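Student: Could we go through this model term by term, setting each computed value against the rule that gives it its label?

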Amino acid sequence: MTTDTEPALEPLLAKSTQVALRPRYEGSNICTWIGFKHVNYLIEEAVLEHFRSAGMPARALFEDYGLGLDLVGLDTRILHAVHMDDLVETRVEPATKDTDDVLRFRVTLTLERTGQRLKAATSKVAVSLRRSDFLPAEGEPPAELARFVVSRLGTGQAQSPPAAVPADDRALSLGRGTTGDDPVLDQLTSGENAFGWKWRIPYPYCHFSERIQMSGYLRQMEEVVDLFLADRGISIKQLLEDRKWIPVVPHSAIHVLDEALMEEDLYTVYTVEDVFKDFTYTSRMDCYVVREGRLVRTATGTITHGYAEIESRHDWSLVTFDDRVVRALGGEPAAG
């Protein structure tokens, strides 16, 4: 994967890379704006291209050395909206310290809007190289990569008390999963301004034959927000029809703490933590699986939302929350 004259890590850890990308059509759900998930997909693709440019493409790492390239940390701030068909310039800058056991990068997205270059988003990304036991590897990875190779992602965090169901409860969660009358969800949300969701992890959310990947957690975060808003009586569709309001996301972050495996039941808890001046609100997402009778937290993240009113097919503007939204976010019944 590398030449005889260039150290394996030198281009990966010391050289920045740039690549121009366009957002996927799938990510344009309201008018022509691109949602936070697909902005993060651009960031992920830029990091993968950085590995390719360094002579370490994800395919070769896995096929030659049995190493799965896993994004284990993603912290993204969106500064300007990305639109359908935008050509986004991405820049990846290495940020790994000598003491780090994960590979760290800073990613910047820029685009052109009305003749100006704008910084659309910035992100901090962490990557682990996870040794795979699925099939024998053809060879040992380069010694320079050793400190970034792990046998398991994260360390896991067993919760106390034990989960309210036996560890072998593997009943399939059909459709969009279960959102009520579940003892584990009741345990996780009791006394909190929170919404819980149990859902069976399907293979399209996974990679390297066994575990959910970062993009799967991004999809999970997007979906649990949608379910939460509907549960609180302010669904995306309702506010679109009533006010032409849409949620906007200036900040999101996800960190992998342990591994969640294909076809396990994932318990996702979405907790409203703070409402700031009726203008933005921040929520926490925590994901769990049940193992050996205990809850193990596999990922945690935060997401900040505001609301924007659609003014035309091209433009929107941020708005202040009204009483209906404030009450819903706080878990209070809507005013009559």
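Tutor: What follows takes up pockets, cavities, burial, contacts and backbone angles in turn. The model is predicted, so local features need pLDDT of at least 70 and side-chain atom pairs count only at pLDDT 80 or more, while totals for chains, interfaces and linings use all residues. Residues are numbered from 1 along each chain as its sequence is written, and side-chain values use heavy atoms, with hydrogens and water left out.

Student: What makes a space a pocket, and what makes it a cavity?
Tutor: Both are sought on a 1 Å grid over the protein atoms alone: a cavity is a set of points where a 1.4 Å probe fits but cannot get out, whereas a pocket is an open set with protein on both sides within 12 Å along at least five of seven lines, and a lining residue has an atom within 4 Å of a point. A volume is the space filled by probe spheres set on the points, with grid points joined across faces, edges and corners. By this reckoning the largest pocket holds about 860 Å³, and the largest cavity holds about 60 Å³. One cavity of 30 Å³ or more is found in a search of the whole structure.

Student: Which residues lie nearest the centre of the largest pocket, and which element gives the largest share of its lining?
Tutor: Of the 30 lining residues, Gly35, Phe36, Pro247, Val248 and Val249 lie nearest the centre. Elements are DSSP runs numbered from the N terminus, with helices (H or I) of at least four residues and strands (E) of at least two. The largest share of the lining, five residues, comes from E12, and the elements that each supply at least two residues include helix H2 (36-53), helix H5 (214-231) and strand E12 (245-256).

Student: How are the lining residues of the pocket and the cavity divided by class?
Tutor: Ala, Val, Leu, Ile, Met, Phe, Trp, Tyr, Cys and Pro count as nonpolar, Asp, Glu, Lys and Arg as charged, and the others, Gly among them, as polar. On that basis the pocket lining has 19 nonpolar, seven polar and four charged residues, while the cavity lining has seven nonpolar, one polar and three charged. Among the residues lining the cavity are Asp70, Leu71, Tyr217 and Glu259, and strand E4 (67-78) and H5 each supply at least two residues of that lining.

Student: Why is His251 called buried?
Tutor: Buried means under 20% relative accessible area, exposed means over 50%, and partly exposed lies in between (1.4 Å probe, protein chains only). His251 has 12% relative accessibility and therefore counts as buried. The place of His251 is in strand E12.

Student: What makes the pairing of His251 with Asp75 a polar contact?
Tutor: A polar contact is a pair of N or O atoms within 3.5 Å; within protein, one must be able to donate a hydrogen and the other to accept it, and residues adjacent in sequence count only if both atoms are side-chain atoms. The side chains of His251 and Asp75 make such a contact at 2.7 Å. Contact in the general sense means heavy atoms within 4.5 Å, and, residues up to four places away in sequence not being counted, His251 touches Asp75, Thr76, Arg77, Thr302, Ile303 and Thr304.

Student: How do you know that the buried residues of H7 share a side?
Tutor: In helix H7 (residues 323-330), Val325, Ala328 and Leu329 are buried. They cover an arc of only 95° around the axis, so they lie on the same side of H7; the arc is that of the directions from the helix axis to the C-beta atoms. The elements against which they pack include H5, helix H6 (236-243) and E12.

Student: Is Phe148 buried or exposed, and is Glu138 buried or exposed?
Tutor: Phe148, at 0% relative accessibility, counts as buried, whereas Glu138, at 69%, counts as exposed. Phe148 is placed in the loop between E7 and E8, and Glu138 is in the loop between strand E7 (116-131) and strand E8 (149-150). Leaving aside neighbours within four places in sequence, Glu138 is in contact with Glu63 and Asp64, while the residues that Phe148 touches include Leu9, Leu13 and Val102.

Student: What is the phi angle of Thr114, and why is Thr114 called exposed?
Tutor: Thr114 has a positive phi of about 50° although it is not a glycine, and at 74% relative accessibility Thr114 counts as exposed.
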